[in-house]
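These exercises deal with helix packing, domains and a ligand site. Each task is followed by a worked solution.

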Amino acid sequence: MPWLVREYQDDDFEGVVRLLDATSSDQASVFSFPECIVALRARQAAAVAVSHGEVVGAVIAIVAADRAWIARLAINPELRGQGMASSLLVALERQLVSAQVRRVGYVLPHEELAAEGLRKAGYEQQPALAYFEKRVALEPGQASVLEALGGEVLSPRLWDELLGMRFEKEVIERRVIAPLVHPELAAQHGVSPPRAVMLFGPPGTGKTTFARAVAARLEWPFVELLPSRLAEDDAGLAAGLRDAFAGIAQLDRVVVFIDEIEEIAAARGGPGHSRLHGVTNELLKLIPAFRRRSNRLLIAATNAVHTLDSAVIRPGRFDYVIPIGSPDDEARRALWSSHAHAADVDMASLVAASAVLTTAEIHHAAQTAAQASFERELLAPSSPDVTAGPTTTDYLTAISSIRPSLTPEIRADFEADTRTHARH
Ligand SMILES: Nc1ncnc2c1ncn2[C@@H]1O[C@H](COP(=O)(O)OP(=O)(O)O)[C@@H](O)[C@H]1O
Ligand SMILES: [Mg+2]
């Protein structure tokens, strides 16, 4: 099929759009479809190949001062390998030269076939270059809503930085994250993505850390609702909560975190209930509306799951109730390894000695040991060949100085709560 290459004209618009659309899956570019359309409309520089009145090839450039970027090079798959890429590039170049462009860049995936056409047209691959890209997680307009709510966009690394806690991570990964990341597949199997989950466990076990890590893993903004920020006193709390959820409804996607939810959803008849009756009712009304929208997840945390209003934690409101326990052997080993770098530290004894400590207490003990080692070195510097850093003894001393917050009663309560309330 003969084809002719020429400068792009407005009449070609539809044909080019159709071609870009048809070739978008296998002729990738770092420039998005909308970016290509904007460039076409602006008529900065573009060339087409036409055959029997149909657009069978197109190249679109974005020009910035004396530099141009090729936004897309699209070729009808049946006509590849016939030199069309280099003809298009030559035609484009003529326009670029008259627009005073000195350098033309094109970033494309490694395996992209057009590389051959590029070389023929005189383009050289720059092997030392690596392409870096950061996706800004927020659309314009969302940032100000997020700021008003005191929300933030977290580093995606947080999830991987969660050490140990394999059981909890796996439950959350499968039940919570997977259906939210793959909603179509979940729907095919009849799985409704979770909209609200409750984390419970003693203080310092990592509930807040998990909530933040889930937001990071989903790459959704994170908004923590703090009762103290919502209102000046309990009387204003219901209205504050309502306002906050109205703001949240404006976000396209979000993880909302309510820590110490027992503070706003105490059990009927329990302590604090009459004072908080209106607030609990408000929350009961807000959760169903929140659940109706996709791309959002409410995470609540509590140290005292048994004191919650049972209407709040029932299945229609919270999909899962997940215990976050003190770190198991593997988690403690991972935590200690993240602190103790010296090869001769006896990990097994640190893991055993810290059996009843929380994650927070292990971090604290590691810090105490590090400080002791640092002060010793300051006072009496050791010879350069002695390994710097805390010794096993430093760590064990630090561990023994901690009064564990997880008393036998607290641990027994947590186990009882897990038997009675956990749902995952
Ligand atoms: N799995 C973990 N890996 C590493 N650090 C953790 C982990 N879980 C908790 N931490 C750390 O332990 C401390 C207490 O965690 P936090 O999430 O505040 O506990 P909670 O909210 O249950 O009271 C924090 O300093 C946190 O960074
Ligand atoms: Mg917390």
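**Exercise 1.** Classify the packing of helix H16 against helix H17 (residues 392-400) in this predicted model.

Solution. Step one is the geometry: the axes of H16 and H17 lie 8 Å apart, and the packing angle is about 130°. Step two is the class: angles over 145 degrees count as roughly antiparallel and 65 to 115 as roughly perpendicular, with this value in neither range, so H16 is oblique to H17. Step three is the hand, and the crossing of H16 and H17 is right-handed. Step four lists the contact: H16 contributes Ala365, Thr368, Ala369, Ala372 and Ser373, while H17 contributes Asp394, Tyr395, Ala398 and Ile399. By class, these residues of the H16 and H17 contact are six nonpolar, two polar and one charged.

**Exercise 2.** Determine how helix H1 (residues 13-23) and helix H2 (residues 33-42) are oriented, and describe their contact.

Solution. Start with the axes of H1 and H2, which are 11 Å apart, at an angle of about 160°. Angles over 145 degrees count as roughly antiparallel, and H1 and H2 are therefore roughly antiparallel to each other. The crossing of H1 past H2 is right-handed. Next, assign the contact residues: Phe13, Val16, Val17 and Leu20 come from H1, and Phe33, Cys36, Ile37 and Leu40 from H2. Sorting the residues of this H1 and H2 contact gives eight nonpolar, no polar and no charged.

**Exercise 3.** Repeat the analysis for helix H7 (residues 166-181) and H9.

Solution. The axes of H7 and H9 come within 11 Å and cross at roughly 40°. Angles under 35 degrees count as roughly parallel, a range that this angle misses, and H7 and H9 are therefore oblique to each other. H7 passes H9 in a right-handed crossing. On the H7 side the contact is made by Glu168, Ile172, Val176, Ile177 and Leu180; on the H9 side, by Phe210, Val214, Arg217 and Leu218. The tally for H7 with H9 is seven nonpolar, no polar and two charged residues.

**Exercise 4.** Which domains and helices supply the shell around ligand 1?

Solution. First, set out the domains: the assignment gives domain 1 (4-120), domain 2 (142-325) and domain 3 (329-405). The centres of domain 1 and domain 2, taken over C-alpha atoms, are separated by 47 Å. Second, count the shell: 14 residues surround ligand 1, and the closest are Gly206, Lys207, Thr208, Thr209 and Ala360. Third, trace these residues to their domains: domain 2 and domain 3 each provide at least three residues of the shell. Fourth, look at the helices: H9 (207-218) and H16 (359-379) each supply at least two shell residues. Last, sort the shell around ligand 1 by class, which gives five nonpolar, eight polar and one charged.

Technical notes:
Residues are numbered from 1 along each chain as its sequence is written. Chains are lettered from A and ligands numbered from 1 in the order in which they are written. This is a predicted model: local features need pLDDT of at least 70, side-chain atom pairs count only at pLDDT 80 or more; totals for chains, interfaces and linings use all residues. A residue is near a molecule or strand if its C-beta atom, placed from the backbone, lies within 6 Å of it. Helices (H or I, at least four residues) and strands (E, at least two) are DSSP runs, numbered from the N terminus. Ala, Val, Leu, Ile, Met, Phe, Trp, Tyr, Cys and Pro count as nonpolar, Asp, Glu, Lys and Arg as charged, and the others, Gly among them, as polar. Domain bounds come from an automatic or database domain assignment. Axes are lines fitted to C-alpha atoms, for helices over the stretch in contact, and angles run from 0 to 180 degrees between N-to-C directions. A crossing is left-handed if the near helix is turned anticlockwise from the far one by less than a right angle, and right-handed if clockwise. Two residues are in contact if their C-beta atoms, placed from the backbone, lie within 7 Å.
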